[in-house]
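Visitor: I'd like to know how the labels on a model like this one get decided. Can you walk me through them?

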Amino acid sequence: MIDKLSNQSRIIIATVLSFLFFATYDHFFIPKKEVAVEQQAKIEKNVTAKAPIASPTSLNEAQKVPTQKATQDKEEVIAVVVADKYELHIDRLGRISKFYLKESKYTDEDGNRIQVVNTENSPYPLEIRFTDAVLNTQAFATSYTSSASRVKVGEKGSIVTLTQSLSGLLVKKILTFYPNGNYNLEVKLDNPKEYFITPGFRPNVAIDRMTFHGSLIKDADDTLRVIASGDAVGEKGSMAAQFAASTDRYYATMLYNLNTGIDVVVTPEGEDFPLLFIKGKDDLKLGGYIGPKDHVVLTAIDPKLTDVIEYGFFTFISRPLFKLLQFLHEMIGNWGWAIVCMTLLIRLVLFPLTYKGMVSMNKLKALGPKIKELKEKYKGDKQKLNTHTMELYKKHGANPMGGCLPMILQIPVFFAIYRVLQNAIELKGAPWIFWIHDLAVMDPYYILPVAMGVTMFWQQRVTPNNFTDPMQEKIMKFLPLIFTFFFVTFPAGLTLYWFTNNLFSIAQQYYVNSLFGKNKELKVVVSEKKAKK
């Protein structure tokens, strides 16, 4: 049956199905919690209980950074830092071992506070590894002391000093915590020693296969190096990078110095998960951040940090689309209505392209009977059929590719919007109307997916087509049902976009159809007048 499809129909079907595959793949291949635990068990079988040893003597030997797992003793908390938006725990090794988000929207399915630090994998944020093996072993066996056991973060920041006394070496971590989840770190050694400090393993809160998770390094020239989980083999150090971040879909832990830069080392851990280490100095000064990849929060700290919000291949389109969505939200005050307005604006901008495609489809439909006549007349001569068909198209100004080329040109925009709505943590806990209380999760009553399917079917009914094969027509008719089935598990924000896009497409199609109908009526009147004369 596929052999009977026209090139135009093949492109349309392939485009629709490719988008369907892209948009649904992650919902059917989301790694389960058991998988992460199983992977961790595999790692633990291959490591010993001794402390990890950092062995590189320069960034040229970055691949020699050890991958042994740090001993995960039962957490011994020496300091608790509390802010309005978060609470963090510092363990006896001077690491951030827990980081809880306190805002009501950051809760899991059981209503518990979200904990951002990955406790299933090492290392934790702010872990230090020394090149000297003996010193390193001692460092992992010696507890830090804290200047305070509990600290309330003030508006201008609050300081915690961590101290570790080793043989011939005094280590100090001076931390200043701020309300947004960012902090300043100063590491002081009273005796020069080579060491490495890490922002920690990537968060493991929101993971799926289609949304990026792994490590991001922003180089001095603003180039963003993306290292996905499982792709760390062969990665090298980065001299004078601006930041090094470990991220999942919604959350990040990072270290940065946007002025003088940092020397980053990348090393694979376990099944080639990228671990990031910053080469230390006697008096090292860094900025740090743990928390959601919230655009407003990151911009308040420093706009350069917003590059940690990564949209993949279509980032160059996604970023301005998100800024548009953010602007509309500031104007309207509701993310759902902001999505509706953004969809309308995009449809208006793309209307010239859409209009050409719709007019072309109308012309092809009008020529359908004549095409059928040509097929009957030149049934046994394919060359003559093609020649006369192209002449017919040329005579009436119809382009057989005109209906699908505009659609193909719009696909990058649709994919970019998909990325924005999938990655925007701002939609988490954001209500729209009535039954939609969280645009980042699926519609609990399936109303939006069903409405999307109905409008898609409606759109098919009002869109002119030139199907000549019954099987081809059946395939297209089943697409609304297939889309409805897949969109059931999609975030409500994404489904809302697709539903709204269908509504505006239907309105535009009615408008073009009416113009085309009036044009045909005018031609009939003119021809009748000519006949009377």
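Guide: Here are the labels, each set against its rule.

Guide: This is a predicted model, where local features need pLDDT of at least 70 and side-chain atom pairs count only at pLDDT 80 or more, while totals for chains, interfaces and linings use all residues. Residues are numbered from 1 along each chain as its sequence is written, and side-chain values use heavy atoms, with hydrogens and water left out.

Visitor: Why is Arg-249 called buried?

Guide: The cut-offs are under 20% relative accessible area for buried, over 50% for exposed, and partly exposed in between, with a 1.4 Å probe and protein chains only. Arg-249 has 13% relative accessibility, so it counts as buried. As for where that is, Arg-249 lies in the loop between strand E14 (243-247) and strand E15 (251-256). Strands (E, at least two residues) and helices (H or I, at least four) are DSSP runs, numbered from the N terminus.

Visitor: What makes the pair Arg-249 and Tyr-250 a polar contact?

Guide: The rule wants a pair of N or O atoms within 3.5 Å; within protein, one must be able to donate a hydrogen and the other to accept it, and residues adjacent in sequence count only if both atoms are side-chain atoms. Here the contact joins the two side chains at 3.2 Å, so the pair passes the 3.5 Å limit and the side-chain clause. The side chain of Arg-249 also reaches the backbone oxygen of Gln-422, at 2.9 Å.

Visitor: What makes Arg-129 and Glu-127 a salt bridge?

Guide: A salt bridge needs a side-chain nitrogen of Lys or Arg within 4 Å of a carboxyl oxygen of Asp or Glu. For these two side chains the N to O distance is 2.9 Å, so the pair qualifies under the 4 Å rule. Arg-129 is buried at 0% relative accessible area, and Glu-127 is buried too, at 1%. Both belong to a salt-bridge network with Asp-91 and Arg-95. The count by this rule comes to 10 salt bridges.

Visitor: How do you know that Glu-194 and Lys-279 make a salt bridge?

Guide: Their closest N and O atoms are 3.8 Å apart, so the 4 Å cut-off lets them in. The pair links distant parts of the chain, 85 residues apart: Glu-194 sits in the loop between strand E9 (182-189) and strand E10 (195-197), and Lys-279 in strand E17 (residues 273-279). Glu-194 itself counts as partly exposed because its relative accessibility is 26%.

Visitor: What makes the salt bridge of Lys-152 and Asp-84 a tie between separate parts?

Guide: Lys-152 lies in strand E6 and Asp-84 in the loop between E1 and E2, so the pair ties together parts 68 residues apart in sequence. The N to O distance is 3.3 Å, and both residues are exposed.

Visitor: How do you know that E1 and E2 pair?

Guide: Two strands pair if DSSP finds at least two bridges between them. Strand E1 (residues 77-82) and strand E2 (residues 86-91) have 5 bridges, in the antiparallel sense, so they pass. One partnership joins Val-82 to Glu-87 in E2. These strands belong to an open sheet of 4 strands, ordered E3-E2-E1-E6, with mixed pairing.

Visitor: Why are E3 and E6 called edge strands?

Guide: Strand E3 (96-101) and strand E6 (150-152) each have a single partner strand, so one side of each is left without a neighbour in the sheet.

Visitor: What makes strand E11 mostly covered?

Guide: In E11 (residues 214-218), 5 of its 5 residues are buried. E11 pairs in the antiparallel sense with strand E12 (residues 224-228) over 5 bridges, with Leu-216 opposite Val-226. The two form a hairpin with 5 residues between them, and Asp-222 in the turn has a positive phi of about 75°. E11 also pairs with E14, again antiparallel and over 5 bridges; there, Lys-218 has Phe-243 as its bridge partner.

Visitor: Why is Phe-327 called partly exposed?

Guide: Its relative accessibility is 45%, so Phe-327 falls between the 20% and 50% limits. Phe-327 lies in helix H5.
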